Amino acid sequence: MSSSSRPTLRRAAVSLAAVTLTASTLTGCGLFSSPDLVVYNAQHEQLLDELVPLFEEESGLDVELRNGKDLEMANQIVEEGEDSPADVFLTENSPAMSIVDNAGLFAELPDSATATIPDQYVPADRTWTGFLARSTVAMYNTDSMTEADMPASILDFAKPEWKGRVAFSPTGADFQAIVSAVLELEGEQATADWLAGLKENGEIVQNNLVVMQSVDSGEVDAGIAYHYYWYRDREENGSDSDSSALHFFGNQDPGAFVSISGAGMLASSEHQDAAEEFITWLTGTEAQQAMAESYALEYPLNPDASLNPDVKPFDELDPPQVDVASLNGPQVTDLMTEAGLL
Amino acid sequence: MVIGPVDLWQLLARPRIGELLRNTLTLAGACMAATAALGVVLAVLVERTDLPGRRAWHGLLVAPLAVPAFVNGYAWVSLDRSVHGFGGAFLVVTLSYYPLVYLPVVAMLRRLDPALEESAWSLGHSRARTLATVVLPQLRPALLGGALLVGLHLLAEFGALSLLRFPTFTTAIYDQYGSTFNGAAATAMAGVLVLLCLVLLLAELRLRGDRRYARVGRGAARSSVPLSLGAWRWPTLGVLAGVVALAVGVPAWSLVRWLVVGTSTEFPLADLTEALVATVVLALAGAIAATVAAVPVVWLAVRHRGRVSTLIERSTYVANALPGIVVGLALVVASLRLVPPVYQTAALLVAAYVILFLPRAVVTVRAGLEQAPAVLDDVAHSLGTGPLATARRVTLPLIAPSLGAGAALVFLAISTELTATLMLSPIGTRTLATEFWSASSELRYGAAAPYALLLVLVSIPATVLLMRQERLSLQEATP
């Protein structure tokens, strides 16, 4: 026995060395160093990975991204409160901005940060600003459907004739933003009925890309998503959009809802100057044009920036009038939970 | 989050809960049965027959441990999108998890005293009957322990089931948290999940019984005379080759294909290195911490049996069935309220890993300590050795292999952990798992491939360590 206790001790020593090494490596990797600006990012990670280096080069600031999903990060910021390490919060859709705003955690933005963005995309109290937009669309399979087969309103997808034929992804903030628009425009009962119909008829999938794949492969006839998924795929390789087309509802239908990506600065931030500089840069012509020219194909909100002409122009969308600051995320998730979608 | 009983009832008595309960229970039941059957059959074939190339087959059959379940799910679903729903989830989970039964059963088979079997033969029992009536009953603790691990893994599995589009409580809780973070519905679902876990633990406790399995004296155990397969040799080889092709061949083929097709334009070396270093460092720290924490728990449970010590041991399992996101959220809230400075530090993340994966170390170390006869401690005491010296000179050397195996299992689990890591990691820290997840859930299969490959490579040493522990114990048992 005593002969084998020696290796045990040696093993213990090795373990100890490993722990020490661990601690020093963690420090060495910069895990404990502090950046000039912490951005909680719920916008597409890939887009910010492209943008941030441009800003870092121009400003000389060191930006650290923490990536997540809209509502998860919004609620995390609320939970963190005054202790939040976040300086700036970016979202894909506006309901998540409202959650943080309603908790009183945003600081008012300077005029420079909102000057270039049209008024309807900035809340009246200027606690955050929109910086990109996406249009709700229906995608349809061109082998089984024509534009004429598509419903006039997104509410029609809840009807029994769509049973097993329409895909959507209820768990993402994208779809929830659409529901919040339906709630705002049609009221609680109509929204509950619509969700119950979708639960009954629809094919629930993981995210909007899977919606697009399901439509393209003919698993379903139609799907609910945002415009850019289809355009991006077209632009890159067309592999998931070659047997599908887009149907824009227009006519101020809830299905023509334009969802806004938001940017806000936390009141608890110790780097307010850097945060203001970043958001001002983000809404400025240069960054907006960079976003328009990126793979993203979302609509820039700064009128001086212009998107690829292959994408349906922003001013032809004819969306419903919705106050961006009024969309109610928590009520939407309650309704979706009641409908059995969450 | 405080909710009244009426609200709670309304949240629990809705159709969605029934749907999730049905999904979770059928999948867990089917996968536990399938992994148990597969694990035992494969173990008996490799250990107790004259199968050609047994050592090589053993290596190949353990290899799926190095392929995380969500990498396996990605491999299948990116090759063929029809692999989803119950069928796909059953297939992928069974192929990923069966080594959790296979390994302990192999270890048990190697330790069994062949004298019992020989007695049965001498009494005129056939080889098959001896296998059924003498060998299989003795495998019970290993089989149950393995099946329990499969069940617990499955209750907590998120990535694979999410990719394969089969909603269970864990994926639904994730969706709920993603939408409401601290919502009542998510809390209610997490409560149901904890109950399921408790049911599983109680069932295992009853089935296990309180027999002891330690054998004193190393000299007597020999390997058993292998059963001759005769004409069954070729069909048996075909079955083994089929299992290996599905469990290792498909993910390997899929990964290589995506590496070639998808990443010719993109191979971000700096990002890959950074994620690799973060993953290895965090997993090492967590594995060491969890193994150290497991020792006193196991010591109490095995050497001081009683209601309280069993309760302590079993309570560690509950966290294992909680999705990482639930533990993550609890630690977010607790750390912000109690010790704000540790919020979003590596220390807090490692603490989360210990809470989540302690049971993996406990299960393994427990198996080791049960094989280490308590009487040796008593002998040491009677010879005047103090408790600490006994632990150092007698017990620790005996359980050292199981400590290594426990640490290896925890390392494997941490390197693929996703949800708690997403929530708690220090700002700017990206691991292989989070990077892989962000690419694969956006269907950027090609971009996900290098991360998947590194995840597999990082898992290989721990898998080899697990295998080597088994071989060591074989050598010890057969001098």
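Student: What share of the 342 residues of chain A counts as buried, and what makes a residue buried?

Tutor: In this predicted model, the share is 60%. Buried means under 20% relative accessible area, while exposed means over 50% and partly exposed lies in between (1.4 Å probe, protein chains only). A word on conventions: residues are numbered from 1 along each chain as its sequence is written, with chains lettered from A and ligands numbered from 1 in the order in which they are written. Local features need pLDDT of at least 70, side-chain atom pairs count only at pLDDT 80 or more, totals for chains, interfaces and linings use all residues, and side-chain values use heavy atoms, with hydrogens and water left out.

Student: Why is A:His247 called buried?

Tutor: Its relative accessible area is 7%. The limit is under 20%, so A:His247 earns the word.

Student: What makes the home of A:His247 a strand?

Tutor: A:His247 is found in β8 of chain A, residues 244-247. Helices (H or I, at least four residues) and strands (E, at least two) are DSSP runs, numbered from the N terminus, so β8 qualifies as a strand. Chain A has twelve helices and ten strands.

Student: How do you know that A:His247 has a polar contact with A:Pro151?

Tutor: A polar atom of the A:His247 side chain lies 3.1 Å from the backbone oxygen of A:Pro151. A polar contact is a pair of N or O atoms within 3.5 Å; within protein, one must be able to donate a hydrogen and the other to accept it, and residues adjacent in sequence count only if both atoms are side-chain atoms. The 3.1 Å value is inside that limit, so the pair fits.

Student: Which residues does A:His247 touch, leaving aside those up to four places away in sequence?

Tutor: They are A:Val137, A:Ala138, A:Tyr140, A:Glu147, A:Met150 and A:Pro151. Touching here is contact, which means heavy atoms within 4.5 Å.

Student: Why is A:Ser169 called buried?

Tutor: Its relative accessible area is 4%, so A:Ser169 falls under the limit too. This residue lies in the loop between β5 (166-168) and α6 (173-186) of chain A. Its side chain reaches the backbone nitrogen of A:Asn207 at 3.4 Å, and a polar atom of that side chain is 3.2 Å from the backbone oxygen of A:Val205. Among the residues it touches are A:Phe175, A:Gln206 and A:Val211.

Student: What makes A:Asn328 a cap?

Tutor: A side-chain oxygen of A:Asn328 lies 3.0 Å from the backbone nitrogen of A:Gln331, at the N-terminal end of α12(A). Within α12(A), the buried residues include A:Val332, A:Leu335 and A:Met336. Just after the helix, A:Gly340 takes a positive phi of about 80°.

Student: How do you know that A:Lys199 and B:Glu19 form a salt bridge?

Tutor: Their closest N and O atoms are 3.0 Å apart. A salt bridge is a side-chain nitrogen of Lys or Arg within 4 Å of a carboxyl oxygen of Asp or Glu, so this pair counts. Between chain A and chain B the count is four salt bridges, along with 14 residue pairs in polar contact (both at pLDDT 80 or more). On the side of chain A that touches chain B, α1(A) gives the most, with twelve residues.

Student: How many residues of each chain are in contact, and how much area do the chains bury?

Tutor: 51 residues of chain A are in contact with 53 residues of chain B. The two chains bury about 4500 Å² between them, 55% of it on carbon and sulfur atoms. Buried area is the accessible area (1.4 Å probe) that two parts lose on being put together, summed over both.

Student: What confidence does the predictor give to each chain?

Tutor: pLDDT is the predictor's confidence in each residue, from 0 to 100. Chain A has a mean of 88, and 90% of its residues reach 70 or more. Over its residues 1-9, however, the pLDDT is below 50, and it stays under 50 over residues 23-32 of chain A as well. Chain B has a mean of 85, with 92% of its residues at 70 or more. In chain B, pLDDT stays under 50 over residues 472-479. For the complex, the predictor gives an ipTM of 0.75 and a pTM of 0.83.
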